[in-house]
Amino acid sequence: MTDNIYLPQIGRITGIEEETRGARAIKTFKVEFPNDDGFEHACGQCAMLSIFGRGESMISIASSPLVKEYKQFSIMKMGRVTTAFHDAKIGDLIGIRGPYGNQFPLDDWKGRDLVFIGGGVGLAPIWPVIQTAVAQREDFGKITVFYGARTSSDIMYKADFEKLKESAEVQLSVDAPEEGWQGYTGFVPANLMDKAPSPG
Ligand SMILES: Cc1cc2nc3c(=O)[nH]c(=O)nc-3n(C[C@H](O)[C@H](O)[C@H](O)COP(=O)(O)OP(=O)(O)OC[C@H]3O[C@@H](n4cnc5c(N)ncnc54)[C@H](O)[C@@H]3O)c2cc1C
């Protein structure tokens with residue numbers, strides 16, 4: 001464990017999940033620290049991830065700080081570095097330094113109703129907050145999660161959302177009408193206005 005946020009450490013990719021496909025595909029990576037190093041992070045913080053010889057990118061840490069064995073990152077394929085991540089294989093070594101950025105003050109929200117709102121890969125920074133709140137379920141009131149994607153195939157964390165429904169109200173939306181879609185059709189703000197949740 002190190003306190004030096006500027007010192008790159010070695011991470012090993014131990015899991016890769018294909019979340020969405022297409023030109024702007026998203027993959028979720030589990031990264032462990034093979035040298036028993038690593039660092040603690042708080043909900044909402046990021047890390048600089050590097051692929052050797054390609055460069056580094058700022059990516060949100062998408063796993064809860066309560067998970068100690070690995071850190072999770074969901075990466076959208078954009079350009080040089082993120083494409084190199086999409087080409088990476090399980091077992092590959094990467095560089096990782098951090099954590100950086102502010103955190104969500106989850107402890108201050110205890111006893112309150114929580115409403116989370118996200119779209120696309122923007123779910124990644126709030127996912128650790130949702131996971132941590134759900135792990136401490138009795139500390140919070142009602143938890144509602146609004147999430148939207150362009151199409152149902154662009155929805156991240158599909159299996160996790162099914163599990164999340166056991167402890168939170170999940171409001172999913174897609175931008176345009178789709179055969180068989182049972183969630184809301186329209187953009188996230190419209191769904192929000194429609195359901196009008198009230199954080200308490
Ligand atoms: C705080 C923070 C948190 C973030 N968290 C996440 C996250 O959790 N997940 C995630 O996927 N992303 C996240 N990002 C965004 C991520 O850092 C960038 O998408 C990534 O750094 C892009 O790097 P790249 O080398 O792949 O792309 P680059 O090669 O830098 O390209 C980025 C985009 O610019 C275009 N481009 C490149 N060069 C040019 C040029 N010369 N002219 C015109 N256009 C060009 C590319 O086509 C591409 O669309 C986060 C960013 C910040 C700041």
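## Ligand shell and salt bridges: worked exercises

The shell around the ligand holds nine nonpolar, five polar and two charged residues. Here Ala, Val, Leu, Ile, Met, Phe, Trp, Tyr, Cys and Pro count as nonpolar, Asp, Glu, Lys and Arg as charged, and the others, Gly among them, as polar. The model is predicted: local features need pLDDT of at least 70, side-chain atom pairs count only at pLDDT 80 or more, and totals for chains, interfaces and linings use all residues. Residues are numbered from 1 along each chain as its sequence is written, and side-chain values use heavy atoms, with hydrogens and water left out.

**Exercise 1.** Find which residues come nearest to the ligand, and which elements supply its shell.

*Solution.*
- Step 1. A residue is near the ligand if one of its heavy atoms lies within 4 Å. Of the 16 residues around the ligand, S57, M58, M76, V81 and T82 come nearest.
- Step 2. Map the shell onto elements (DSSP runs numbered from the N terminus: helices are H or I, at least four residues; strands are E, at least two). Strand 4 (55-60), strand 5 (71-76) and helix 1 (80-87) each supply at least two residues.
- Step 3. Strand 4 gives the most, with four residues.

**Exercise 2.** List polar contacts to the ligand, then state how much of the ligand the protein covers.

*Solution.*
- Step 1. Apply the cut-off: a polar contact here is a pair of N or O atoms within 3.5 Å.
- Step 2. Take the oxygen atoms of the ligand. A polar side-chain atom of S57 lies 2.7 Å from a ligand oxygen. A polar backbone atom of M58 is 2.7 Å from a ligand oxygen.
- Step 3. Take nitrogen. A polar side-chain atom of S60 lies 3.1 Å from a nitrogen atom of the ligand.
- Step 4. On its own, the ligand has 980 Å² of accessible area, and the protein covers 47% of that. The areas are Shrake-Rupley values with a 1.4 Å probe.

**Exercise 3.** Locate the salt bridge between K68 and E40, and classify both residues as buried, partly exposed or exposed.

*Solution.*
- Step 1. A salt bridge needs a side-chain nitrogen of Lys or Arg within 4 Å of a carboxyl oxygen of Asp or Glu. The closest N and O atoms of K68 and E40 are 3.0 Å apart.
- Step 2. K68 sits in the loop between strand 4 and strand 5, E40 in the loop between strand 2 and strand 3, 28 residues apart.
- Step 3. Buried means under 20% relative accessible area, exposed over 50%, partly exposed in between (1.4 Å probe, protein chains only). K68 is exposed at 54%. E40 is partly exposed at 44%.

Note on methods. Polar contact = N/O pair within 3.5 Å; in protein donor to acceptor, adjacent residues only side chain to side chain.
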